[in-house]
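Thanks, everyone; I would like to spend a few minutes on one helix and the ligand beside which we keep finding ourselves in discussion. Please have the sequence and the structure open while I talk.

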Amino acid sequence: MTSQPTSASPEAGPTEPRPLRVALIGYSFMGSIHAQAWTTAPRFFDLGIAPRLSAVCGRDASAAQQFAAKFGIPRVETDWRTLVEDPEIDAVDICTPGNLHAPIAIAALEAGKHVLCEKPLANSVEEAERMALAARDARARGALAMVGFSYRRTPALAYARELVREGRLGTIRHIRAQYLQDWIVDEDFPLVWRLERDKAGSGALGDIGAHILDLAQYVSGHRIVGVSALTETFVKSRPLPAASSGLQAVGLHASGAHDGGRGAVTVDDAAVVIARTDEGALATFEATRFATGRKNAIRLELNGSKGSLAFDFESLNELWLYDGVDPAPSAGFRRILVTEPEHPYAGAWWPAGHGLGYDHCFVHEVADFARAIARGEQPEPSFGDGLQIQRLLEAVEDSAAGRAQWRDVATSDVPAGNAATVGA
Ligand code: SOE
């Protein structure tokens, strides 16, 4: 289904930056926050180019029309290929379930479009490798690609990276990261696409574990070189969403309607990982959708030879620093309010102390993507960075499946060969 596209976008005037005509593929939670970001970024950042949300694509024409009306998008399509093949589109922003990332991104890059793709990059290493190769070839033709690890663009985390690079923590010994949600604790929450391997690739691991793996590397500057892991699916089957509920599209934070049947959950509900980095640090990761009471809690702590950093997304404008240089009596973690104009991104917004939110990370993400396009520079994280995260996800699943290095431990407190319980 195609609504009549508007006339070709008028070329920029002599003093106006050239337009960047963006096609958004997907209109659910991520589609909404990306649309918000594209419309907001030019108002607060000097991009050197003028992004315009020119079209939105979704399978449900009616829902896509409603979305387009909400965000003032002039064109609606129901087949992404129409937009990928359209010379009036300059960039494609992929906000679909993971099984569509590879086909859309590769086709768009081959058609010369710039591509922003939501995380994780793909549903497998094989797909991610093909996407990274397509991005490498496309860059030679001037098309740029970026994967949307949005939390990197939280000012406090971007500032944490600066502090590490300045040497304020010394040699990093420990990295500790959690990503805690609880939206499927209810065993009757329906079987949405995020709980099906063929659509999502994996569960909590790829959806939220990918974020903390990326953040750990981004803030520390280390690369993870080995993992051992456990994963678990606590609730093995769930009610099928009622076809009319639209739940399949939403995939998250929706509740309710199902039509009686049940289906198998084919992804992990939680993953716990231990890891080692290329600079000898030890790392632990926990990603779960069963942390009852935790809605979107991301915690990161780095311990180094000269100090530590701690961050909690529930207080995302704050960063805690333990500076080992302080004399013992006055030493302690101190809170840095990361809202000063000197802090990353903060100066574009409000006066110090007013703070930013979850959605601002996406404004920063599309702003950096647009500025990279304006300058002809490779944005980060690249598809190659996304491929490396995909390799970590695969290694975690391999380890968990193989129970690699796992040692079963007897639960008994009775010395071997004795019946009585010690200390009874
Ligand atoms: C669901 O866990 C989700 O929407 C993730 O997919 C996003 O990446 C994260 O920003 C919020 O939670």
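When I speak of a helix, I mean a DSSP run of H or I with at least four residues, numbered from the N terminus. Please keep in mind that this is a predicted model.

With that settled, helix 1, residues 29-44, and helix 8 each supply at least two residues of the shell around the ligand, and the largest share of that shell, three residues, comes from helix 8. The shell holds 13 residues in total, of which the closest are K119, Y151, D207, H211 and Y358, and by character it divides into seven nonpolar, three polar and three charged residues.

Turning to the polar contacts, a polar side-chain atom of D207 lies 2.5 Å from an oxygen atom of the ligand, the corresponding distance for H211 is 2.8 Å, and for Q181 it is 3.1 Å. As for the ligand itself, it exposes 310 Å² when taken alone, and the protein buries 97% of that.

Now to helix 8, which runs over residues 204-220 and, with its 17 residues, reaches 23 Å from its first C-alpha to its last, close to the 24 Å expected at 1.5 Å a residue. Where is the kink in helix 8 centred? The kink, of about 35 degrees, is centred on A210. Helix 8 is also mostly covered, since 17 of its 17 residues count as buried, and just after the helix G221 takes a positive phi of about 80 degrees.

Definitions and conventions. Residues numbered from 1 in each chain as written. Predicted model: local features only at pLDDT ≥ 70, side-chain atom pairs only at ≥ 80, totals over all residues. Heavy atoms only, no water. Expected span 1.5 Å × (residues − 1). Bend = angle between axes of the 7 residues up to and from the residue. Buried < 20%, exposed > 50% of the residue type's maximum accessible area, 1.4 Å probe, protein only. Near = heavy atom within 4 Å. Polar contact = N/O pair within 3.5 Å; in protein donor to acceptor, adjacent residues only side chain to side chain. Areas by Shrake-Rupley, 256 points an atom, 1.4 Å probe, with all protein chains shown as cover. Nonpolar A, V, L, I, M, F, W, Y, C, P; charged D, E, K, R; others polar.
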